[in-house]
Amino acid sequence: MNEKVTELSKLLESMIEAGMKMVESASVLKELLIPEPNKNEQNEMDFEPIPDYEPVKKELSKTDVRALLVEKSNLCDGKYKAQVKALVKKYSKSGTFSSINPNDYENLVAELEEIDNA
């Protein structure tokens, strides 16, 4: 039994040595076949810089704006309810949400976001 263990140990050592030689040979081949890229040359994998872009703005719908108004109005147990009502009156012809011009939604929401930031 001891002889088999010794024989197996020698076999494993030779396999490890062969593996290390293969790794060394592969490293030499890699250096020969694939030269290190020159730092001054542009690598083929480099990409052109992406020009600055502006994200596409989602157009606010009546439902979106109404939901934002309700959310702000109910925030902190109605703390901002009076300010939200005043904002609706400011942008409305009749004092109701339904009469707000859709072109004013963006400005209204901008002001709405400032209510609790002040």
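# Briefing on a four-helix chain

Of the 118 residues in this chain, 14% count as buried. The model described here is a predicted one, and every value below was computed from it. Its secondary structure consists of four helices and zero strands, so that a reader who follows the sequence from start to end meets the pattern α-α-α-α.

**The chain as a whole**

- The accessible surface of the chain amounts to about 10,800 Å², and 56% of that surface belongs to carbon and sulfur atoms.
- When contacts between residues at least 6 apart in sequence are considered, 53% of them join residues that are at least 24 apart.

**Helix 1**

- Helix 1 covers residues 2–33, which makes 32 residues, and it reaches 46 Å from its first C-alpha to its last, close to the 46 Å expected at 1.5 Å a residue.
- The number of buried residues among the 32 of helix 1 is zero, and therefore this helix lies largely in the open.

**Helix 2 and its two faces**

- Helix 2 runs over residues 62–74, and because its 13 residues should span 18 Å at 1.5 Å a residue, the 18 Å between its end C-alpha atoms agrees with what is expected.
- The buried residues of helix 2 are V65, L69, K72 and S73, and since they fall within an arc of 100° when seen down the helix axis, they line one face of the helix.
- The face of helix 2 turned away from this buried side carries the exposed residues T63, E71 and N74.
- The cover over the buried residues of helix 2 includes helix 3, at residues 81–91, and helix 4, at residues 105–114.

**Two residues of helix 2 looked at singly**

- K72 is found in helix 2, and it counts as buried because its relative accessibility is 11%, while the cut-off for burial is under 20%.
- If neighbours within four places in sequence are left aside, K72 is in contact with Y80, V84, L112, E113 and D116.
- N74 also belongs to helix 2, but this residue is exposed, with a relative accessible area of 52%, where exposed means over 50%.
- Although N74 and V84 are 10 residues apart along the chain, their C-alpha atoms are separated by 9.8 Å.

**The nonpolar core**

- The largest nonpolar core has 14 residues, and those with the most contacts inside it are V65, L69, F97, I100 and L108.
- Helix 2, helix 3 and helix 4 each supply at least two residues of this core.
- L108, one of the residues with the most contacts inside the core, touches V65, L69, L87, Y91 and I100, when residues up to four places away in sequence are not counted.
- Two of these partners of L108, V65 and L69, are also among the buried residues of helix 2.

**The loop between helix 2 and helix 3**

- Most residues other than glycine have a negative phi, and this general pattern is a useful background for the next two residues.
- C76 comes just after helix 2 and is found in the loop between helix 2 and helix 3, where it has a positive phi of about 55° although it is not a glycine.
- With a relative accessibility of 49%, C76 counts as partly exposed, because exposed requires a value over 50%.
- D77 is found in the loop between helix 2 and helix 3, and its phi is near 55°, a positive value in a residue other than glycine.
- D77 is exposed, with a relative accessible area of 81%.

**The loop between helix 3 and helix 4**

- S92 is found in the loop between helix 3 and helix 4, and with a relative accessible area of 10% this residue is buried.
- The side chain of S92 reaches the backbone nitrogen of G95 at 2.6 Å.
- Apart from residues up to four places away in sequence, S92 touches S99 and I100, and I100 is one of the residues with the most contacts inside the largest nonpolar core.

How values were computed:
Residues numbered from 1 in each chain as written. Predicted model: local features only at pLDDT ≥ 70, side-chain atom pairs only at ≥ 80, totals over all residues. Heavy atoms only, no water. Buried < 20%, exposed > 50% of the residue type's maximum accessible area, 1.4 Å probe, protein only. Contact = heavy atoms within 4.5 Å. Areas by Shrake-Rupley, 256 points an atom, 1.4 Å probe, with all protein chains shown as cover. Expected span 1.5 Å × (residues − 1). Arc of directions from axis to C-beta. Core = buried A, V, L, I, M, F, W, Y, C linked by side-chain atoms within 4.5 Å. Polar contact = N/O pair within 3.5 Å; in protein donor to acceptor, adjacent residues only side chain to side chain.
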